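Here's a quick tour of a small structure for you to explore. Have the sequence and the 3D view ready, and follow along point by point.

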Amino acid sequence: MEIHVDKDACVGCGLCVKDCPMHVYELQDNVSVAVRPNNCMGCLSCHEICPAQALEHRGIYAARRHYIDIKVCEMLRKVV
Ligand code: SF4
Ligand code: SF4
């Protein structure tokens, strides 16, 4: 899992550290760092809870976009 923390946006509130069930994050110098990205199970609750929208899960969004594209193509095939 590729997790990107926008260090300029992060306000160091620590919510993602407390919220993540897989202990992916740690606060270092008042900024969240994804120290165990391979533990991530993709629940996206940290993404929802972050007040600064500083977290990005690149692999999940790519997979979701691909899934949505497939579903849209299937629906269009039935209509046309
Ligand atoms: S998506 Fe879930 S498991 Fe992954 S880092 Fe965020 S809270 Fe933790
Ligand atoms: S929830 Fe967002 S703003 Fe708060 S520490 Fe985590 S990344 Fe930074």
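**A turn, a core and two ligands**

D29 counts as exposed because only 7 C-beta atoms neighbour it inside 10 Å; the label "exposed" goes to residues with 12 or fewer other C-beta atoms within 10 Å of their own, "buried" to those with 20 or more, and "partly exposed" to those in between, with C-beta atoms placed from the backbone. Keep in mind that this is a predicted model, where local features need pLDDT of at least 70 and side-chain atom pairs count only at pLDDT 80 or more, while totals for chains, interfaces and linings use all residues. Residues are numbered from 1 along each chain as its sequence is written, and chains are lettered from A and ligands numbered from 1 in the order in which they are written.

**The hairpin around D29**

- D29 sits in the loop between β2 (25–28) and β3 (31–34); strands here are DSSP runs of E with at least two residues, helices are runs of H or I with at least four, and both are numbered from the N terminus.
- β2 and β3 run antiparallel and are joined by four bridges; strands count as paired if DSSP finds at least two bridges between them.
- Two of the matches to look for are Q28 with V31 and E26 with V33.
- The hairpin has two residues between its strands, and D29 takes a positive phi near 55 degrees there.
- Most residues other than glycine have a negative phi. D29 has a positive one although it is not a glycine.
- In a regular strand the side chains alternate between the two faces of the sheet. Along β3, S32 and A34 point to one face and are buried, while V31 and V33 point to the other and are not.

**Just after β3: V35**

- V35 is in the loop between β3 and α2.
- V35 counts as partly exposed because 13 other C-beta atoms lie within 10 Å.
- Leaving out residues up to four places away in sequence, V35 touches Y25 and E26; a contact means that the two C-beta atoms, placed from the backbone, lie within 7 Å.
- V35 and Y25 are 10 residues apart along the chain, and their C-alpha atoms are separated by 5.6 Å.

**Another positive phi: Q53**

- Q53 lies in the loop between α2 (45–49) and β4 (55–57).
- Q53 isn't a glycine either, but has a positive phi of about 50 degrees.
- Q53 is exposed because it has 11 C-beta neighbours inside 10 Å.
- V11 is 42 residues away from Q53 along the chain, yet their C-alpha atoms are separated by 10 Å.

**The whole chain**

- The protein chain has three helices and four strands, in the order β-α-β-β-α-β-α from the N terminus on.
- The chain is more spread out than a compact globule, because its radius of gyration is 16 Å, well over the 12 Å that the globule rule gives for 80 residues; the radius is taken over C-alpha atoms, and the rule is 2.2 Å times the number of residues to the power 0.38.
- The C-alpha trace spans about 55 × 25 × 15 Å along its principal axes.
- Buried residues make up 18% of the 80 residues.

**The nonpolar core**

- The largest nonpolar core has 12 residues, among them I3, C16, C46, C50 and L55; such a core is a set of buried Ala, Val, Leu, Ile, Met, Phe, Trp, Tyr and Cys residues joined through C-beta atoms within 7 Å.
- Apart from neighbours within four places in sequence, L55 is in contact with I3, V5, C16, C46, H47 and C50.

**Around the ligands**

- The residues surrounding ligand 1 include C20, C40, C43 and C46; a residue is near a molecule if its C-beta atom, placed from the backbone, lies within 6 Å of it.
- Ligand 2 has 14 residues around it, and C10, C13, C16, S32 and C50 come nearest.
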